[in-house]
Amino acid sequence: MAANIIDGKAFAASVRDKVAGHVARLKDDHGITPGLAVVLVGEDPASQVYVRSKGKQTVEAGMNSFEHKLDADTSEADLLAIVDQLNNDPAVHGILVQLPLPGHLNEDLIINSIAPEKDVDGFHISNVGLLGTGQKSMVPCTPLGCLMMLRDYHGSLSGMDAVVIGRSNIVGKPMAQLLLGDSCTVTIAHSRTKDLPEVVRRADIVVAAVGRPEMVPGDWIKEGATVIDVGINRIERDGKNKLVGDVDFASCAERAGAITPVPGGVGPMTIACLLANTVTACCRANGLEEPEGLTA
Ligand code: NDP
């Protein structure tokens with residue numbers, strides 16, 4: 001079977017269009033412009049690229065973008081003071097502190113200092129608890145993007161067997177919660193899982209979020225399964241730098257019914273979902289109806 005390729009780039013563009021449409025209505029009907037503040041501490045090159053891209057897409061969607069670039073040696077007290085200022089700024093509806101933070105800063109402390117209703121990354125402990133108990137929360141962007149693509153492709157996910165490989169707080173665990181919320185039977189696999197190939201072979205849906213290049217070969221995939229590849233791994237092949245996922249695309253695509261490519265799959269959905277979360281946060285802050293299809 002040759003798998004259908006789930007085009008994350010096109011899907012992300014459609015999410016951004018929806019966001020922009022909603023932003024225009026918020027401006028026209030209510031005089032409100034959603035605002036996203038991004039805080040970057042230090043000069044990690046990958047984070048700088050990511051933050052630039054977020055800022056650009058925020059503005060393109062018609063929203064206000066506030067960037068706070070701080071020196072790598074910024075103290076915890078100074079960073080907490082900036083978060084506090086953003087928490088209290090009514091023009092800011094979403095706050096994102098770019099991770100990873102330099103080693104001297106306590107990430108949990110900083111993330112949990114963000115007002116939960118402005119925590120558009122969905123990492124605040126209150127949002128984690130709300131998601132875990134099936135209540136309205138801010139949902140982490142990458143798993144939200146995966147869920148949107150799965151819903152778009154399958155319609156209902158009810159009763160499907162899903163295997164999430166990886167149990168990180170930012171991808172694996174919230175992904176599993178979302179799939180459970182959509183009535184999948186969910187298995188979370190990790191580095192200590194016994195007989196991972198057999199576990200994966202049972203899955204109608206495989207979400208790979210491991211960080212190991214091309215770890216999942218095609219013969220682990222059930223015929224017709226849907227494969228969502230979250231991994232972003234930079235490798236050198238034939239003297240060239242290449243981006244590959246956590247699944248071996250060529251062999252998995254031979255057995256899967258549908259598969260996301262890397263690049264061009266999950267990656268573009270993450271920022272699109274950040275914009276979606278900002279609009280959702282803005283609507284909630286103003287007691288307005290939330291846009292349909294932009295949250296879990
Ligand atoms: P983490 O390193 O935090 O977690 C990796 C998980 O994979 C862990 O739970 C680990 O298990 C598990 N794991 C490691 N080795 C194996 C193995 N051999 N078999 C089974 N499980 C294993 O990574 P993240 O969740 O942060 O990210 C995962 C990948 O997704 C990375 O490539 C990252 O770059 C990418 N990513 C992509 C995003 C996007 O926008 N597309 C956003 C975020 C991440 P254990 O807990 O037992 O150690």
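Cys282 is buried in this predicted model. Its relative accessible area is 0%. Cys282 takes part in no disulfide. The nearest cysteine sulfur belongs to Cys283 and lies 5.7 Å away. Because a disulfide requires two cysteine sulfur atoms within 2.5 Å, that pair does not qualify. Cys141 is likewise in no disulfide. For Cys141 the nearest cysteine sulfur is that of Cys273, at 6.3 Å. This distance also lies outside the 2.5 Å limit. Cys141 has a relative accessible area of 5% and is therefore buried, the cut-off being under 20%. The disulfide count for the model is zero.

The protein chain is divided into two assigned domains. Domain 1 covers residues 31–116, and domain 2 covers residues 141–267. Taken over C-alpha atoms, the centres of domain 1 and domain 2 are 29 Å apart. Helix H10 spans residues 266–285. Ala272 is located in helix H10. Ala272 is buried, at 0% relative accessibility. Between Ala272 and Asn4 the sequence separation is 268 residues. In space, their C-alpha atoms are 22 Å apart.

The ligand is surrounded by 22 residues. Arg167, Ser168, Ser191, Ile232 and Thr270 come nearest. Helix H10 supplies the largest share of this shell, with three residues. By class, the shell holds ten nonpolar residues, ten polar residues and two charged residues. Oxygen atoms of the ligand have polar partners in the protein. An N or O atom in the Ser168 side chain is 2.6 Å from a ligand oxygen. For Arg167, a polar side-chain atom lies 2.7 Å from an oxygen atom of the ligand. Ile232 contributes through its backbone: an N or O atom there is 3.1 Å from a ligand oxygen. Taken alone, the ligand exposes 930 Å². The protein buries 70% of that area.

Backbone geometry was examined next. Most peptide bonds are trans, and most residues other than glycine have a negative phi. Two cis peptide bonds can be described against that background. One joins Leu99 and Pro100, with omega about 0 degrees. Pro100 sits in the loop between strand E4 (94–97) and helix H4 (107–111). Another cis bond joins Val262 and Pro263, again with omega about 0 degrees. Pro263 is in the loop between strand E11 (258–259) and helix H10.

Positive phi values occur at Asp195 and Asp238. Phi of Asp195 is near 50 degrees. Asp195 is placed in the loop that runs between strand E6 (185–189) and helix H8 (196–201). With a relative accessible area of 48%, Asp195 is partly exposed. The cut-off for exposed is over 50%, so Asp195 does not reach that class. Phi of Asp238 is also near 50 degrees. Asp238 lies in the loop between strand E9 (233–237) and strand E10 (240–244). Asp238 counts as exposed because its relative accessible area, 75%, is over the 50% cut-off.

Technical notes: Residues are numbered from 1 along each chain as its sequence is written. This is a predicted model: local features need pLDDT of at least 70, side-chain atom pairs count only at pLDDT 80 or more; totals for chains, interfaces and linings use all residues. Side-chain values use heavy atoms; hydrogens and water are left out. A residue is near a molecule or strand if one of its heavy atoms lies within 4 Å of it. A polar contact is a pair of N or O atoms within 3.5 Å; within protein, one must be able to donate a hydrogen and the other to accept it, and residues adjacent in sequence count only if both atoms are side-chain atoms. Accessible areas come from the Shrake-Rupley method with a 1.4 Å probe; for residues, only the protein chains shown count as cover. Helices (H or I, at least four residues) and strands (E, at least two) are DSSP runs, numbered from the N terminus. Ala, Val, Leu, Ile, Met, Phe, Trp, Tyr, Cys and Pro count as nonpolar, Asp, Glu, Lys and Arg as charged, and the others, Gly among them, as polar. Buried means under 20% relative accessible area, exposed over 50%, partly exposed in between (1.4 Å probe, protein chains only). Domain bounds come from an automatic or database domain assignment.
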